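This report introduces a protein model to a reader who has not met it before. It takes up charged pairs, then the nonpolar interior, then the cysteines.

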Amino acid sequence: MKQGILNLSREEVTEFLADKGVPKYRMTQIFTWLLRFGKTNFAEMSNIDISLRLVLDKLFYIYRPKIIRTNKSIDGTVKFLLELTDKNTIETVFIPERQRNTICVSSQVGCAIGCKFCNTGYHGFIRNLSTEEIVSQFLIVKDYLDLWHSQTERLSNVVFMGMGEPLLNYENVLKSINLLILDEKDHISRRKITLSTSGITDVLKNSAKDLPCRLAISLHAPNDSIRSKIMPINNIYNIKSILESCREYEKYHEYLKITFEYLLLDGVNDSIECAYELLNLLSGRNFKVNLLQFNSWPGCKFKPSPRNRVLNFAKILENGGVEAPIRMRRGEDIMAACGQLKST
Ligand code: SF4
């Protein structure tokens, strides 16, 4: 039976081919065709011997999910509903900006973490995505938007902020990141990939050394009492354990600042007291806070904080020396914004 070549790491492909007498440099050529030129057919890999192309075709397939639907926002954001081989569906979002183009990828079908403000969590967990199902989200967006040949329109950033908790599918996520940064010539460097986690601190501590990318942590509260109400996972991994695990990451990535995501919810975590408590919690360390404005979804009880409260919150953090940009809402009109994704 054929294997998905995008489920294998470069080391695995090298080893696999070495058994068949194929030299190591062929692996680089193959992955360049797959990731830099987006080929879906071994026959088109023109600098590889025809006999090897036939062998590759016998051994491997090149995966792409099926695009079921796309929605384009007035701000240019495009949301993709993708169908996987087993008919499960996931969402992936393309976010164009002036300086960069970002893809927000999913790591699981659904999510088991159950954050109260999140549409994905509300619909529960189905399964982990395989490596090829993660990497191919990046590839299919490039296919669809025809970004393979453009010098100006690049997919420059990847964020693991779609459906799922990436650290609960760590092995496949790590393999995917390593495949994507293989393609550094296409401007995907480890500094432009961000893994966002709700704070699975035991996985984070163990993986801190090997995690080849930036780290963002969904904090959303300045203390355990508020955090546990909106993120039940806090009852297992509390704020103290998160801050401790950050030290482990910082040991190996001192040049990469950790970001804390903070979703401002009206009357829940957006008071002046909360802002000062957050400042107290994070000041003195090299952290950044991204202030996110809440995006509503049908059936959700939370409301976004009023604009003046968001501005006050940001001011308190900035005045206290903590960088705290207010993130623009993107794709809200097509339910593609943070916390709005689901599988239908
Ligand atoms: Fe899962 Fe992230 Fe949604 Fe929380 S916010 S339920 S971790 S997808």
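## Salt bridges, core and cysteines

Across the whole structure, a search finds 17 salt bridges, and it should be kept in mind from the outset that the model is a predicted one. Three of these pairs, each joining an arginine to an acidic residue, are set out below with the separation of their closest N and O atoms.

| Arginine | Acidic partner | Closest N and O atoms |
|---|---|---|
| Arg64 | Asp143 | 2.6 Å |
| Arg100 | Glu97 | 3.2 Å |
| Arg285 | Glu250 | 3.0 Å |

The salt bridge between Arg64 and Asp143, with its closest N and O atoms 2.6 Å apart, links distant parts of the chain, since Arg64 is found in the loop between β2 (60-61) and β3 (66-72) while Asp143 belongs to helix α5 (residues 131-145), 79 residues apart. Arg64 counts as buried, at 17% relative accessibility, whereas Asp143, at 31%, counts as partly exposed.

In the pair formed by Arg100 and Glu97, Arg100 is partly exposed, with a relative accessible area of 35%, and Glu97 likewise counts as partly exposed, at 33% relative accessibility.

The salt bridge of Glu250 with Arg285 has its closest N and O atoms 3.0 Å apart. Because Glu250 lies in helix α9 (residues 239-252) and Arg285 in the loop between α10 (272-282) and β13 (287-293), this pair ties together parts that are 35 residues apart in sequence. Besides these pairs, a network of salt bridges links Asp86, Arg127 and Glu133.

Turning to the interior, the largest nonpolar core comprises 110 residues, and Phe117 and Phe260 are those with the most contacts inside it. At least three residues of this core come from each of domain 1 (3-61) and domain 2 (66-334). When neighbours within four places in sequence are left aside, Phe260 is in contact with Ile217, Leu219, Ile242, Leu243, Cys246, Leu282, Phe287, Lys288, Val289 and Asn290.

How many disulfides does a search of the whole structure find? The search finds 0. Cys274 is therefore unpaired in this sense, since a disulfide requires two cysteine sulfur atoms within 2.5 Å and the nearest cysteine sulfur, that of Cys115, is 17 Å away; Cys274 itself counts as buried, at 7% relative accessibility. Cys300 is also in no disulfide, the nearest cysteine sulfur being that of Cys118 at 9.5 Å, and Cys300 is buried, with a relative accessible area of 16%.

Definitions and conventions:
Residues are numbered from 1 along each chain as its sequence is written. This is a predicted model: local features need pLDDT of at least 70, side-chain atom pairs count only at pLDDT 80 or more; totals for chains, interfaces and linings use all residues. Side-chain values use heavy atoms; hydrogens and water are left out. A nonpolar core is a set of buried Ala, Val, Leu, Ile, Met, Phe, Trp, Tyr and Cys residues joined through side-chain atoms within 4.5 Å. Buried means under 20% relative accessible area, exposed over 50%, partly exposed in between (1.4 Å probe, protein chains only). Domain bounds come from an automatic or database domain assignment. Contact means heavy atoms within 4.5 Å. A salt bridge is a side-chain nitrogen of Lys or Arg within 4 Å of a carboxyl oxygen of Asp or Glu. Helices (H or I, at least four residues) and strands (E, at least two) are DSSP runs, numbered from the N terminus.
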